[in-house]
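Please read the points below alongside the structure, since they are written for someone meeting it for the first time. They take up the domains, then the ligand.

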Amino acid sequence: MPDSTEFFLDEGLIHKILRPLKQGKEASVHLCLADRDKTGHDLAALKIYRPLDRRDFHDESIYRDGEWIKDGRVRRALENKSRFGRVLQAGTWVHREWETMQKLSLTQVAPLPIALHDDAILMTYVGDLRMAAPQLRDLHPTAEDLEALWQQLRAALGLMLLNDVVHADLSAYNVLVWEGKPTVIDFPQAVDPKLNRNAEDLLRRDIQRLGEWFTREGLALDWEQIAGEIWFSWLHADLIPADFRH
Ligand SMILES: Nc1ncnc2c1ncn2[C@@H]1O[C@H](COP(=O)(O)OP(=O)(O)O)[C@@H](O)[C@H]1O
Ligand SMILES: [Mg+2]
């Protein structure tokens with residue numbers, strides 16, 4: 001059992017690991033029996049990052065644009081990609097995911113973050129005891145369901161932006177669907193559109209990847225135009241009274 005699970009057990013946040021949901025080279029995710037009093041849920045998902053997580057984002061600086069790391073030793077280690085840098089990097093990923101989920105916690109777009117410890121995040125689980133929510137890419141929805149899913153995802157993209165989040169690795173892999181509702185997951189590389197100058201390009205890429213999947217399934221989307229519209233309405237969102245945003 002990975003070390004960080006001890007913390008969640010000792011704190012009484014979870015009682016038991018029920019089964020692995022996904023074992024990957026970058027992170028593993030486990031279904032847990034959670035303490036209802038402490039977490040508000042009977043089931044939860046525990047995502048544990050690998051210590052030397054190797055996420056193959058070609059140029060990590062794209063995601064870090066606009067951020068300034070004060071500690072010179074940390075900054076240089078990250079830049080040099082030393083072993084120490086790699087360990088720090090794994091920590092950066094998990095913190096970024098945690099912070100992003102917190103930013104989205106009122107939107108119902110993503111799972112709710114419950115607790116963070118070391119390299120692990122306990123979050124709400126999407127699915128039921130019988131089965132976990134499938135990834136969007138595993139579904140072949142009817143035309144009507146496809147349209148409904150797209151409309152919800154489009155709204156989700158707008159809500160994410162309003163909460164200063166561009167996912168930056170969005171695809172039909174990182175959307176879970178349960179009872180017709182999409183939940184966006186997997187945020188370690190998310191960027192803040194107010195800080196990061198690559199945010200618009202990353203948003204376009206996200207929408208293109210999603211759009212390609214929808215188009216293959218039979219809902220042709222003009223993703224260039226959609227990306228332009230979503231970005232434009234975010235830029236001008238301060239013209240909309242706050243009461244009407246959600
Ligand atoms: N909150 C959750 N509820 C249910 N299943 C989840 C949850 N989070 C992750 N999973 C499952 O684990 C898989 C991997 O999670 P993800 O966050 O995308 O990590 P990565 O892609 O880095 O391995 C998901 O595709 C999904 O099947
Ligand atoms: Mg993923």
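**Notes on the domains and the ligand**

1. In this predicted model, the C-alpha centres of domain 1 and domain 2 are 22 Å apart. Domain 1 covers residues 3-124, while domain 2 covers residues 136-244.

2. The two domains touch each other, and to this contact domain 1 contributes 19 residues and domain 2 contributes 19 residues. On the side of domain 1 that touches domain 2, the elements that supply two or more residues are α3 (61-64) and α5 (83-103). Of these, α5 provides the largest share of that side, with seven residues.

3. Sorted by class, the side of domain 1 that touches domain 2 is made up of ten nonpolar, three polar and six charged residues.

4. Turning to the ligand, which residues come nearest to ligand 1? There are 20 residues around ligand 1, and those that come nearest are K22, V29, A45, V126 and D186. Two or more residues of the shell are given by each of the strands β1 (14-23), β2 (27-34) and β3 (43-49).

5. The shell around ligand 1 is also worth reading against the domain division, for at least three of its residues come from domain 1 (3-124) and at least three from domain 2 (136-244).

6. As for the character of this shell, twelve of the residues around ligand 1 are nonpolar, whereas four are polar and four are charged.

Notes
Residues are numbered from 1 along each chain as its sequence is written. Chains are lettered from A and ligands numbered from 1 in the order in which they are written. This is a predicted model: local features need pLDDT of at least 70, side-chain atom pairs count only at pLDDT 80 or more; totals for chains, interfaces and linings use all residues. A residue is near a molecule or strand if its C-beta atom, placed from the backbone, lies within 6 Å of it. Helices (H or I, at least four residues) and strands (E, at least two) are DSSP runs, numbered from the N terminus. Ala, Val, Leu, Ile, Met, Phe, Trp, Tyr, Cys and Pro count as nonpolar, Asp, Glu, Lys and Arg as charged, and the others, Gly among them, as polar. Domain bounds come from an automatic or database domain assignment. Two residues are in contact if their C-beta atoms, placed from the backbone, lie within 7 Å.
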